[in-house]
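Thank you all for coming; today I would like to walk you slowly through one chain, with its structure on the screen. Please keep the picture in view while I speak.

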Amino acid sequence: MKQFISVVSLFISLSTYCQTYPFIEGFQGILSGQIPPGWSGDIPVLSYHGMNDEKGLAASLNSSDQEDSIITPSIGPIKSLSQLVFYYRWVMEFIYPSDPRYPNRKDKLEILVKKDSLPFEKLLVIDSFNHKPSLNFKRMQLSLSQYSGSVIQIMFKSTWGGGRYFQDIDSVQVIDGAFMHHENTGNYLTQNSLKIAMSPDNRKIWIIQDDISCVTYQIYDMSGRLILKGQALRGEAIDLSTVHRGVYFLVIGQNVRKIFIADE
């Protein structure tokens with residue numbers, strides 16, 4: 001009986017220990033008021049708390065709720081060029097979002113990383129010394145090279161300093177930073193590249209490699225913001241009709257391709 005229980009426990013642990021890389025979460029498919037699947041903590045997703053008035057994580061801070069945090073699923077193994085990218089802002093609760101939060105010395109947003117089975121350690125602290133008040137989201141990009149080869153989890157920890165306000169977080173990504181720094185090299189792929197085909201108007205993409213039955217894809221704009229994600233079967237077109245004209249990055253596994261999307 002003990003052996004059976006051990007086997008079941010091992011199966012459960014292997015089933016729930018999910019490692020993903022690259023990691024992308026834009027929160028659009030999450031119900032408002034819920035925690036994203038695989039995440040843990042007490043910062044929920046709320047409507048209108050993301051970029052362009054879409055969904056995002058929203059820590060509501062006040063005298064009765066002075067500290068909130070949320071932790072990503074396991075991500076890895078991290079590579080030498082891996083980058084953490086996210087967007088954030090601090091906004092007063094009154095007539096949201098009409099006024100930015102001007103922080104005092106106690107306000108802070110900490111980004112902590114847990115490497116393998118080690119405790120969390122601070123990667124960055126955003127506080128009154130380095131936060132510039134604005135209603136616009138600020139893009140943050142942090143190197144994770146020190147965690148290369150490891151599986152990590154990332155914690156966002158919000159601490160109250162006074163008043164009533166939100167710390168909003170959107171579009172959390174752990175991706176290979178290489179393609180974010182070589183925008184002028186044209187189309188290029190990493191190792192084990194996939195073949196793609198595009199329609200003449202660049203509004204549809206097909207994955208044409210024979211030994212791939214289904215792929216998970218992400219599309220980023222030039223700033224690194226996640227625009228679109230999903231899955232496509234072999235021979236099934238990826239519909240780009242909702243994406244505006246411009247240059248984007250198509251990410252499929254470890255493969256990255258720069259694409260141009262034309263007007264409809």
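**Rings, sheets and unusual backbone**

Let me begin with a single side chain, Arg-101, which lies over the face of Tyr-165 at 4.5 Å from the ring centre; a charge is said to sit over a ring if NZ of Lys or CZ of Arg is within 6 Å of the ring centre and within 35 degrees of the ring normal. Before going on, I should say that this is a predicted model, in which local features need pLDDT of at least 70 and side-chain atom pairs count only at pLDDT 80 or more, while totals for chains, interfaces and linings use all residues. Residues are numbered from 1 along each chain as its sequence is written, and side-chain values use heavy atoms, with hydrogens and water left out.

Now the chain as a whole. Its secondary structure comes to 1 helix and 18 strands, where helices (H or I, at least four residues) and strands (E, at least two) are DSSP runs numbered from the N terminus. Of its 264 residues, 45% count as buried; buried means under 20% relative accessible area, exposed means over 50%, and partly exposed is in between, with a 1.4 Å probe and protein chains only. If we take the contacts with a separation of 6 or more, residues 24 or more positions apart account for 69% of them, a contact being heavy atoms within 4.5 Å.

How are the strands arranged? One open sheet has 5 strands in the order S2-S5-S10-S7-S8, with antiparallel pairing, and two strands pair if DSSP finds at least two bridges between them. Strand S2 (40-41) and strand S8 (120-127) stand at the edges with a single partner strand each, so one side of each is left without a neighbour in the sheet. For those new to the subject, strands of a sheet pair through backbone hydrogen bonds, either parallel or antiparallel. Within this sheet, strand S5 (residues 67-71) and strand S10 (residues 152-159) run antiparallel and are joined by 5 bridges, and Ile-70 has Phe-156 in S10 as its bridge partner.

There is also an open sheet of 3 strands, in the order S12-S13-S16, again with antiparallel pairing. Here strand S12 (196-198) and strand S16 (237-239) are at the edges, each with a single partner strand, so one side of each is left without a neighbour in the sheet. S12 pairs with strand S13 (residues 204-207) in the antiparallel sense over 3 bridges, and Ala-197 stands opposite Trp-206 in S13.

Let us return to the rings. The count comes to 7 aromatic pairs, under the rule that rings of Phe, Tyr and Trp (its six-membered ring) pair if their centres lie within 6.5 Å, with planes under 30 degrees apart counted as stacked, over 60 as edge-to-face and the rest as tilted. In one of these pairs, Phe-27 and Trp-39 meet edge-to-face, 5.7 Å centre to centre and with 65° between the planes. Both residues lie in the loop between strand S1 (23-25) and S2, so the pair ties together parts that are 12 residues apart in sequence. Phe-27 and Trp-39 are both buried.

Tyr-96 and Phe-166 form a pair whose ring centres are 5.3 Å apart and whose planes are at 70°, so this pair is edge-to-face. Tyr-96 lies in the loop between strand S6 (82-92) and strand S7 (108-115), and Phe-166 in strand S11 (residues 165-176), so parts 70 residues apart in sequence are tied together. Tyr-96 is partly exposed at a relative accessible area of 22%, whereas Phe-166, at 10% relative accessibility, counts as buried. Tyr-165, where we started, belongs to one aromatic cluster with Phe-86, Tyr-88, Trp-90 and Phe-156.

Finally, the backbone: most residues other than glycine have a negative phi, and most peptide bonds are trans. Which residues does a cis peptide bond join, with omega about -5°? They are Tyr-96 and Pro-97, and Pro-97 lies in the loop between S6 and S7. The bond from Gly-76 to Pro-77 is cis too, with omega near 0°, and Pro-77 is in the loop between S5 and S6. Phe-27, although not a glycine, has a positive phi of about 70°, and its relative accessibility is 0%. Asp-116 has a positive phi near 50°; this residue is in the loop between S7 and S8 and is partly exposed, with a relative accessible area of 42%.
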